[in-house]
Amino acid sequence: MVLPTLAVVLAAAGCGSLIGPPYEPPAPAQTVRPPATPAPQTTAPSQTPQSPLPAPAPAPPPAPREHRLGAAATALVEQARKQAAGGDPQLAQATLERALRIEPDNPLLWIMLGEAHESTGQYALAGSMGHKALQLATGDPRAQAQAWRLIGDSLRARGRNPEANAAYSRADTLAAP
Amino acid sequence: MKLLRRLLIPVLLLAAAGGAVATVYVLRLSQTVVHQFEGRRWTLPAQVYAAPLELYAGLPLSEKDVESELKRLAYRRTDTPQSAEPKTGTYRRIGARIDVGLRAARFADQARPAELLAITTSEGAITDLRDALGREVPIVRLDPLLIGSIFPIHGEDRIVVTPDEVPPLLPAALKAVEDRNFDTNRGIDVLGILRALWVDIRAGEWQQGGSTLTQQLVRSYFLSPQRTASRKIREAIMAVALDEHFSKADLMNAYINEIHLGQDGNRAIHGFGLAAEFYFGKPLSELDLDEIATLVAIVRGPSYYDPRRHPSRVLKRRNLVLDEMVEQHVIPESDARLAQAQPLGITSKTAGAYYPAYLDLVRRTLRRDYPEQDLTEAGLEVFTNLDPRVQADAEHVLDRELARLDRVHKQRVPGAPLEGAVVVTAPQSGDVIAVVGGRDAGYDGFDRALDGRRQIGSLVKPFIYLAALESGRYNATSIIQDQPVSIRVAGGKLWQPENFTRENYGPVPLVRALAESLNDATVNLGMDIGLESVGHSLERFGLDRAPPQNPSLLLGTVELTPLEVAQLYGGLANGGFRTTLRAVRAVLSADGKPLKAFPVEVDAVAQADPVYEVDSMLEQVIERGTGRPALGVLPRGLIVAGKTGTSSDLRDSWFAGFSGDDLAVVWVGYDDDRVAGFTGETGALPVWSHLMADIAMSSWNVPLPDTLQSVTIDYATGFRANAACSSDLVTLPVPPGTNPPLKPGCPTTAFGAVIGSVHELMQRAGQWLQSMAH
């Protein structure tokens, strides 16, 4: 009894692939792409576009995606902090840009650079960087909250208070545990 | 007697007048020359540097790669024992460790003295960086590569060196050979002139020119190279004046920076600083005795003694120089013998870094802010975003692939080579990291990357699809009609474009129409969305002129340069954020003061979600569509996205695409706009995929936004499906609530789900077996 049923099952399964598409792809395509679950953000620095590719690692399994800075970016961020504190915001910005070249997908760096631009009065640019950080911070509420706060600050500095408040409340919602 | 007396006074007066005139003349000439020499010094062209290579633990550079980068910067390998430190400008390998004597460097944001660095690599990546005291260094930059200079129209180029950058043997050699009494003479050497005359009369060959270094300096700096008697007199007067007013050290330094030492096309090489780079690829301070002697040999006549055209002649003179140095007790004989045994050691001209296409872009950028004179004379230091590795690779790949296409191409016309252009950027920051203007990258001519305006063909399509998605009426799974198009255009004619395959496929999902670049489906979509929307989308992404408002826009009859295409696609690669493309990072004055910075700027020009959907569809161009051949070249697992572009009649072949970190645009075609016969897939794509395979370091893997959801459809028909009823599934991001109809005959019961799982399992097993076979 089991065998015929199995045969029927397998035959039914096989039938499904007989319905061919009207257009055949040029080569026998067999790539069934795995479902696009949110690919986790790597916490290691992504490499700079400055060397040949050995083999990129496949996407790691889904995990809580709290962004962190790699060792090189951390050192640069520290340097930038000192430079900003020393009264040289342009230099701090240049140092943060160095860090961004190493980890362009790290929202924390975009937030920091945005904050640096805020300190020199470039509010629109700071806000744009906040939005950029937001785009990269999917799945990381802490980073998203920071981004919204930056966006809020930039809006308020430009006199757009209702929008600023909306941004702040989004930040608060995300930051709340 | 009386006559004499009558003539005496007028003659005396005349003599006095003549003497007065002469004195005035001499005084004025002296004043002018001193004033000019003091005030102006010399014109300093802007020096242009590539982006410095940042080293840090985790960077995937193998030991071999690190060594290549050091060699690119003209570091020499030595075998100093472990007890000693490597000299500045050298490195040594000890096992998996490379010890480098890093040169002092000036960057856009700081200057750094020379220091030691120990680089350890393992399995293709840097694992450790330590300084001279053994402390860990988290990140360090190599000195930036000098890639050229912006020199004035009359073509003088130089690198100014300060006295402490000049090896002491150089002035010693110059004095020994050119002006033995330099330290004591008064600017001219009368005995020397006489001696030279005597020697010249006797031998007709050189031995001593008779001119002092000061005279040579005057000649080079002030006067044209005419050899008339009056010039000689002026030269003598001016030399004496200079010697009177300036120290010997000053004059020597001026000489070292001024003297003409070579010619490179329309670029005149002046000064030993640039000559050291030009002939030996090294800073002047790192030259060895034999190399110094070679440069001193060239002084006598840079074209007669051109070491690349007349190497044996130069070698002979170099050894003569060394002999002279021994005779004048400048160096011991043993040193001279050693030096004489060395080969000339001149680098090939192309070994040095000279990227005219990129320099062109830099020049254009700076001309907006600086008058020509400042650019070419003020000694500006220009720091750029050029990545020399990517640049070298792009040049090499373009040349190689075009040669291959030449061989393959049946309609090849002799004398009319197939040409191409490449632009590479880092879309997240807007850095322009490589520009290749043509097949012969070193040729400073027509720059196709910046000026080659060609029809972009299907490259326009992603912007049509973006406009469609932004309208809210379409998503990646929407069904559109790939049916024949017939539109009446201005002039009453009928426009009836066809698909490349000349077939129509009826109802197809949006993703398929884009991936396979179906013209008719796209035109139907575009006409529904409206040309204005499409044009608006192009403008937002950086098109700086009004797009044509006729339907042919939908098939890309707009003409753009590769750089402009890179600007447009940058916004797609960057998730809807436009960044201005920048070749220049910062400009400093000659003494290191920051003058201008070009910071990273982003500007949201489109909502993130529709752009994400378009990017996902562009990924399918590679996975399933016209970009599929790239998969055979790219490393397995690297996810990229892009679009082929073919203009009508196959005149232009394009590919524009991106990974996680790089965007590259490639154009292939003929300069005279004849039919090239290549589609984007057969012409530009091979160049693009080989380049990407070399340089791309991360996949395009932006996470699915919270505001979108995934849906799995049958690629061919667009129906929602699962493995039980489709062998070609694709999962795409769509707005929430998007629910394509289920494919007819697709089981949805639990039983069906089980079948689906079993089927999927079997498919996966099949794939695994297949991959084992590779």
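**Reading the angles, pairings and burial of a two-chain model**

Mentor: Helix α2 (residues 71-85) of chain A and helix α3 (residues 89-102) of chain A have axes that come within 8 Å and cross at roughly 170°. An axis here is a line fitted to C-alpha atoms, for helices over the stretch in contact, and angles run from 0 to 180 degrees between N-to-C directions. This is a predicted model, in which local features need pLDDT of at least 70 and side-chain atom pairs count only at pLDDT 80 or more, while totals for chains, interfaces and linings use all residues. Residues are numbered from 1 along each chain as its sequence is written, and chains are lettered from A and ligands numbered from 1 in the order in which they are written.

Trainee: Why are α2(A) and α3(A) called roughly antiparallel to each other?

Mentor: The cut-offs are under 35 degrees for roughly parallel, over 145 for roughly antiparallel, 65 to 115 for roughly perpendicular, and oblique for the rest. The crossing is at roughly 170°, and α2(A) and α3(A) are therefore roughly antiparallel.

Trainee: What makes the contact between α2(A) and α3(A)?

Mentor: Two residues are in contact if their C-beta atoms, placed from the backbone, lie within 7 Å. On the α2(A) side the residues include A:L76, A:V77 and A:A80, and they meet α3(A) residues including A:L91, A:A92 and A:L96. By class, the residues of this contact divide into twelve nonpolar, three polar and one charged, where Ala, Val, Leu, Ile, Met, Phe, Trp, Tyr, Cys and Pro count as nonpolar, Asp, Glu, Lys and Arg as charged, and the others, Gly among them, as polar.

Trainee: In chain B, what angle do helix α5 (residues 213-221) and helix α7 (residues 248-258) make, and what is their relation called?

Mentor: These two helices of chain B pack at about 50°, with their axes 10 Å apart. That angle falls in none of the three named ranges, and α5(B) and α7(B) are therefore oblique to each other. The contact involves, among others, B:L213, B:L217 and B:Y221 of α5(B) together with B:L251, B:A254 and B:Y255 of α7(B). Its residues are six nonpolar, three polar and one charged.

Trainee: B:A254 lies in helix α7 of chain B, but is B:A254 buried or exposed?

Mentor: A residue is buried if 20 or more other C-beta atoms lie within 10 Å of its own, exposed if 12 or fewer, and partly exposed in between. B:A254 has 21 C-beta neighbours inside 10 Å and therefore counts as buried. B:P163 is 91 residues away from B:A254 in sequence, yet their C-alpha atoms are 9.8 Å apart in space.

Trainee: How do you know whether B:W667 is buried or exposed?

Mentor: B:W667, which has its place in strand β30 (residues 663-669) of chain B, has 30 other C-beta atoms within 10 Å and is therefore buried. Not counting residues up to four places away in sequence, B:W667 touches several residues, including B:G420, B:R448, B:P562 and B:W654. The C-alpha atoms of B:W667 and B:W688 are separated by 9.3 Å, although the two are 21 residues apart along the chain.

Trainee: Why is strand β11 (residues 146-150) of chain B described as largely enclosed by the rest of the structure?

Mentor: All five of the five residues of β11(B) are buried, so the strand is largely enclosed. Helix α8 (residues 272-280) of chain B is mostly covered, with eight of its nine residues buried, among them B:F272, B:L274 and B:F280. Just after α8(B), B:G281 takes a positive phi of about 65°.

Trainee: What makes β8(B) and β9(B) count as paired strands?

Mentor: Two strands pair if DSSP finds at least two bridges between them, and β8(B) and β9(B) are joined in the antiparallel sense over five bridges. In this pairing B:S122 stands opposite B:A125 in β9(B). The two strands form a hairpin with two residues between them, where B:E123 in the turn has a positive phi of about 50°.

Trainee: Which strands share the open sheet with β8(B) and β9(B), and in what order?

Mentor: Five strands of chain B form it in the order β3-β4-β5-β8-β9, with mixed pairing. The edge strands are β3 (76-77) and β9 (125-130) of chain B, each pairing on one side only. β3(B) is joined by two bridges to strand β4 (residues 90-94) of chain B, and these strands run parallel.

Terms used: Helix = DSSP H or I, 4+ residues; strand = E, 2+ residues; numbered from the N terminus.
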